[in-house]
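Subject: A structure for you to look at

Hi there,

Here is the structure I promised to send over. Please open it alongside this note, and I will go through what turned up.

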Amino acid sequence: MDVTVQSRGGGIRHIEAEAGQTLLEALRKGGVTAFAPCGGAGTCGGCRILVHDRSGAGYRLACQTIVEDGMVAVADDLGTLAVAGGDAAAASGQATSGADARFGLAVDIGTTTLALHLVDLGSRSIVASIGRVNPQVAFGGDVVARIGAASSAEGMEALCSALRGGLDDALAALGRSAGRSIGWEDLERVAVAGNTVMEHFAAGIDPKPIGAYPFTPSALFGGERRLWQADGRAGRPVRAYLAPAVAGYVGGDVTAGLHVAGLTRSPELQLYLDIGTNGEMALGSSGRIACCATAAGPAFEGANIALGMPALRGAVSAVSIEDGELAVTTVGGAEPVGICGSGLLDAVACLLDLGIVDETGRLLEAGEANRDLAHRLGREQGQRACYLDAERRVYLTQADVRSVQLAKAALRAGIGALMDEMHVSCDDVSRVALAGGFGSHLSAASAARIGLIPAALEPKVDPLGNAAGEGAAAALFPEGRTALERIAASCSYLELSTSAAFAAHYLDAMGFEP
């Protein structure tokens with residue numbers, strides 16, 4: 001049966017569906033990226049989509065909607081994302097033109113996003129960069145959900161195929177942005193940095209062992225591997241260098257980022273934070289580096305939030321207080337349709353400052369709030385909610401605030417556990433290197449206000465942009481690979497699931513400090 005998928009940007013495509021399939025399953029198999037943070041269990045609401053069928057038009061959960069012949073689904077346009085730090089090349093210079101140009105590709109495979117950098121190997125300059133949503137988001141919002149979705153041979157192949165298809169599409173778009181036709185066969189070298197689970201999927205290796213204690217990966221990488229046949233046909237296979245991982249939840253994206261941050265090149269103590277789904281972090285200097293990962297969950301990636309989304313057009317990316325009222329800024333200046341991680345963090349900080357959320361994380365009812373703010377409060381999805389814009393299009397629910405509370409407590413507790421491990425305090429830290437796209441747009445003041453980072457560290461925050469992608473670009477060259485492998489070998493890993501210090505810090509970090 002035929003299903004028509006319309007994008008809000010105007011594009012139309014037709015996909016084939018089988019009788020009895022859910023719309024989410026049909027979208028997955030048809031190569032249409034759809035968000036499903038709960039993996040299709042029907043619990044998160046992330047796959048909500050406008051559907052036209054025989055029963056009429058309305059918003060449905062794609063994972064709970066059985067396809068019909070002739071059904072029309074109107075999907076968000078999950079197009080190109082801005083790549084933070086995309087112009088900050090691992091090496092500088094002018095691109096070589098003409099037939100003599102030799103290209104390499106640096107890839108940062110994130111749980112939610114893909115970032116690709118086309119590198120001129122002669123001049124060592126980044127020619128073009130592009131970001132896309134990782135199509136695996138249709139199988140769950142975090143790596144644990146992805147591991148579960150890959151538990152069968154069919155599931156593993158579906159996840160690997162989704163990733164490969166996403167990379168194929170992103171490479172084609174990257175070529176267009178560079179004004180060149182680029183295929184895998186045109187690349188002399190490829191380097192990949194990603195968390196350990198993503199690197200397993202890239203290499204076609206089952207990540208199941210990472211999903212259960214002692215979380216031991218099947219490979220720690222650090223060498224070149226054959227990934228897949230280009231375009232699924234006979235021909236030169238895609239080979240890539242995979243950045244070395246430290247542990248199951250501290251991957252090659254961290255070692256690549258640590259190289260860019262320069263932790264091993266300075267005697268001064270630095271804290272490295274990558275505030276994503278896994279919450280990887282490291283603390284150290286040229287003498288020693290300790291690292292860990294916290295189960296922060298995907299809230300700051302926009303998942304498991306009522307109106308959460310990546311930093312796409314229309315996402316609320318910043319929230320401020322102006323004349324006692326909330327004011328929002330959106331990606332592209334468009335009308336607000338949802339909220340991404342940086343906006344979420346700002347929103348909670350503002351609600352705390354306005355007294356709409358108390359120190360326990362409770363969102364007030366309209367009758368409890370200041371009279372001037374009562375119009376911002378109401379009920380959505382059967383729970384208390386606060387509207388961020390005057391038109392009441394975007395809101396946070398009580399559950400959203402709790403999700404932020406849990407995520408920030410895990411991250412703050414990880415920082416505390418690392419400091420205990422190194423026997424240091426905030427006064428000893430000279431710099432907080434903040435990695436990743438979210439880190440580039442995060443307000444340090446908001447992070448300190450909600451207690452994600454200690455207030456003493458706020459003035460020391462230094463956003464790095466897409467450090468993992470920049471580190472992958474460095475790994476296109478022998479000296480970069482050597483540097484990454486030395487970093488991985490020098491890191492000691494702290495397992496937080498068995499750490500009493502982490503548990504104590506986590507409890508202390510649950511509240512919002514006044």
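First, a word on exposure: a residue counts as buried under 20% relative accessible area, exposed over 50%, and partly exposed in between, using a 1.4 Å probe and protein chains only. This is a predicted model, in which local features need pLDDT of at least 70 and side-chain atom pairs count only at pLDDT 80 or more, while totals for chains, interfaces and linings use all residues. Residues are numbered from 1 along each chain as its sequence is written, and side-chain values use heavy atoms, with hydrogens and water left out.

**Confidence**

The pLDDT is the predictor's confidence in each residue, from 0 to 100. Its mean over the chain is 89, and 93% of the residues reach 70 or more. Residues 85-95 have a pLDDT below 50, and this stretch has 26 contacts in the model beyond near neighbours in sequence; a contact means heavy atoms within 4.5 Å. Where pLDDT is low, the predicted coordinates should not be read in detail.

**Helix α7 and its partners**

Helices (H or I, at least four residues) and strands (E, at least two) are DSSP runs, numbered from the N terminus. Helix α7 covers residues 398-422 and includes R412. D420 also lies in α7 and, at 38% relative accessibility, counts as partly exposed. Leaving out residues up to four places away in sequence, D420 touches A501 and H505. The C-alpha atoms of D420 and A501 are 7.6 Å apart, although 81 residues separate the two along the chain.

R412 has a longer list of partners: with the same neighbours left out, R412 touches G451, L452, I453, P454, A509 and E513. What does the side chain of R412 reach at 2.9 Å? The partner is the backbone oxygen of G451. That is a polar contact, meaning a pair of N or O atoms within 3.5 Å; within protein, one must be able to donate a hydrogen and the other to accept it, and residues adjacent in sequence count only if both atoms are side-chain atoms.

**Buried helices**

Helix α5 (residues 252-261) is largely enclosed by the rest of the structure, because nine of its 10 residues are buried. Among them are D253, T255 and H259. Just after α5, G262 takes a positive phi of about 75 degrees.

Helix α10 (residues 467-474) is mostly covered too, with eight of its eight residues buried. E470 is one of these buried residues, along with A467, A468, G469, G471, A472, A473 and A474.

In helix α6 (residues 341-354) you will find A347, which is buried at a relative accessible area of 1%. Leaving aside neighbours within four places in sequence, A347 is in contact with V319, I339, L388 and L396.

**Loops worth a look**

The loop between β15 (315-322) and β16 (325-330) holds G324, and D323 has its place there as well. D323 has a positive phi near 55 degrees in a residue other than glycine, and is exposed, with a relative accessible area of 82%. G324 is partly exposed at 41%. Not counting residues up to four places away in sequence, G324 touches L354 and L373; the C-alpha atoms of G324 and L354 are separated by 7.9 Å.

The loop between α4 (196-203) and β10 contains P214, which is joined to Y213 by a cis peptide bond with omega of about 10 degrees. F221 lies in this loop too. F221 has a positive phi of about 60 degrees although it is not a glycine, and it is buried, with a relative accessible area of 15%.

**Cavities**

On a 1 Å grid over the protein atoms alone, a cavity is a set of points where a 1.4 Å probe fits but cannot get out, and lining residues have an atom within 4 Å of a point. Grid points are joined across faces, edges and corners, and a volume is the space filled by probe spheres set on the points.

How many cavities of 30 Å³ or more does a search of the whole structure find? There are two, and the largest holds about 40 Å³ of space. Strands β6 (103-109), β9 (187-194) and β10 (224-229) each supply at least two residues of its lining. Among the lining residues are W184 and W228.

Best wishes

Conventions
1 Å grid on protein atoms, 1.4 Å probe; cavity = no way out; pocket = protein on both sides within 12 Å on 5 of 7 lines; lining within 4 Å.
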